[in-house]
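Please open the structure in a viewer with residue selection enabled. The stops below can be followed in order.

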Amino acid sequence: MTHYFRRKIYMEKFDAIVVGAGTAGCIAAKTIAESGLKVCLIEKSSREHVGEKICGDAIGEHHLTFLGLEKPTSGELEAKIDGMKIYSPDENTVFTVADEDFKGYILNRPLFGKWLLKKADEKGAQIQDNMNFRAPIIEKSTVVGISAKNMKTGQISELRSKVVIDATGYFGMIRKQLPNAFGIDQKIDNEDVEACYREIRQLKNESEDTRYCEIYLSQTSSPGGYTWIFPKGGARVNVGIGALMRKTGYPNPKDQLYSTAFKKPLFKDSTVITGGAWFDPVRRPLDNMVGNGIAIIGDAASLVNPIHGGGIGPSMLSGHFAGKQIIDALNKGEPTKEALWGYNKTYMDTYGKKQGALDIFKIFLLSCSDDDLNYGMNQKLMTEDDLLKASMGDDFHLNITETAKRIFKGIRRVGFLNKLHLTVTMMRELRAHYDTYPTTPNGFEPWRDQTVQLIAQARKKFIE
């Protein structure tokens with residue numbers, strides 16, 4: 001009898017349940033709740049630990065503007081950033097990328113997370129913390145709720161809703177338990193995942209330039225990824241390294257960070273404030289992020305920039321787009337796959353196609369040796385403008401006159417130049433393909449098959 005009462009099931013009904021109180025989940029809950037719908041936001045951590053995540057802590061100012069969010073003023077924004085400085089492997093060449101899309105802030109991530117949670121709370125979302133998600137409840141091929149366990153009392157709750165949102169981050173706890181019939185990818189291949197290690201360090205002296213994030217490219221120290229040093233103010237920095245978890249093996253990112261970046265004079269006599277490891281899905285978005293009664297957002301949907309690993313902005317946008325579509329679906333009827341499909345279309349038309357093109361650029365970078373990158377950057381075979389547009393997934397053109405000049409410069413590395421031209425062509429082709437993303441589930445399967453084929457072609461041409 002004791003066992004029965006400890007595990008007694010408690011039931012409650014909502015219009016929407018959001019699982020995960022990260023940046024995506026909080027924005028989704030806020031967006032839906034402010035429309036007057038009944039929303040439950042569940043989170044495994046306690047409220048005081050919301051926002052504690054291992055990441056680069058950077059966000060573009062334009063994301064806050066787009067979402068209509070005022071700048072928080074209670075310590076959530078630790079440093080103003082004007083752009084990025086990207087270093088060649090030999091560090092002899094530095095590309096300074098300064099653009100509106102690269103201006104923003106380095107966050108105090110825990111404070112920012114709690115600030116977003118408060119936004120959702122103020123709009124009427126019911127916050128249930130210390131709740132461990134167990135499984136989706138699926139009836140008649142539709143997600144109709146979840147089961148969760150209170151980490152303090154042991155009580156199991158069966159929470160019912162018209163729609164459930166998976167905002168559980170990289171692990172995609174709901175996504176992984178959906179039947180194949182939902183048409184949502186369950187698994188993310190390791191070759192599309194970066195293993196990351198990061199520390200917040202207190203420096204002995206403030207670095208000379210605190211207005212730019214620094215990215216260091218090197219296939220030796222961070223294969224398929226990069227090392228970052230982001231200023232946080234007060235002589236503190238967010239420093240880390242990411243390496244793709246490729247099938248052939250990958251180095252331990254913590255070991256790499258200690259044997260490379262921390263050898264720099266900047267870190268002499270510095271001390272560790274905090275550190276930790278995490279994973280980032282660095283690839284195109286899930287081709288489909290909705291099903292009957294379910295939407296996938298944030299890292300759970302692989303909405304991370306494949307090149308610089310930024311995921312906070314896209315995750316917040318996905319929460320907003322999904323929330324708006326759910327409101328529309330519930331106001332008109334049932335949240336079927338067809339009714340929620342507009343979320344797919346909106347994201348793909350805005351940031352999805354950029355991430356898709358960047359997947360191609362990532363594959364190109366993987367094929368380059370440090371010598372290739374050194375030569376390409378040192379000789380300006382790829383200019384800062386090229387890099388800016390490429391890193392945003394935007395289309396860029398190498399005009400004939402400029403190309404001719406580059407050929408003369410790159411005669412010793414014609415293969416590299418040819419790969420660069422092929423990359424431009426394939427990125428353009430994939431962007432054009434994303435422009436044909438279907439407006440309804442009809443026609444989706446052929447579209448996805450073509451997407452998979454285009455990515456496979458890039459891998460075959462560059463790295464296989």
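The tour visits a helix, a strand with its partners, and two single residues.

This is a predicted model, in which local features need pLDDT of at least 70 and side-chain atom pairs count only at pLDDT 80 or more, while totals for chains, interfaces and linings use all residues. Residues are numbered from 1 along each chain as its sequence is written, and side-chain values use heavy atoms, with hydrogens and water left out.

**Helix H4**

Select residues 109-122, which form helix H4; helices (H or I, at least four residues) and strands (E, at least two) are DSSP runs, numbered from the N terminus. H4 has 14 residues and spans 20 Å from its first C-alpha to its last, close to the 20 Å expected at 1.5 Å a residue; the expected span is 1.5 Å times one less than the number of residues. Next, display Asn108 at the start of H4: a side-chain oxygen of Asn108 comes within 3.1 Å of the backbone nitrogen of Leu111. The buried residues of H4 include Phe112, Trp115, Leu116 and Leu117; buried means under 20% relative accessible area, exposed over 50%, and partly exposed in between (1.4 Å probe, protein chains only). After H4 comes Gly124, with a positive phi near 110°.

**Ala135 in strand S9**

Move to strand S9 (residues 131-139) and pick out Ala135. Ala135 counts as partly exposed because its relative accessible area is 21%. Beyond residues up to four places away in sequence, Ala135 touches Ile146, Ser147 and Gln177, where contact means heavy atoms within 4.5 Å. A distance label between the C-alpha atoms of Ala135 and Leu178 should read 9.4 Å, although these residues are 43 apart along the chain.

**Strand S12 and its partners**

Select strand S12 (residues 193-202), in which nine of ten residues are buried. Add strand S16 (residues 271-281), which pairs with S12 in the antiparallel sense over ten bridges; two strands pair if DSSP finds at least two bridges between them. Here Tyr197 stands opposite Ala277 of S16. Then add strand S15 (residues 236-244), joined to S12 by nine bridges and also antiparallel to S12. The bridge partner of Glu199 in S15 is Val239.

**Ser302**

Is Ser302 buried or exposed? Ser302 counts as buried because its relative accessibility is 0%. To find this residue, follow the loop between strand S18 (294-296) and helix H6 (312-332). Setting aside neighbours within four places in sequence, the contacts of Ser302 are Ile188, Pro281, Arg283, Arg284, Pro285, Leu286 and Gln355.

Definitions and conventions:
Polar contact = N/O pair within 3.5 Å; in protein donor to acceptor, adjacent residues only side chain to side chain.
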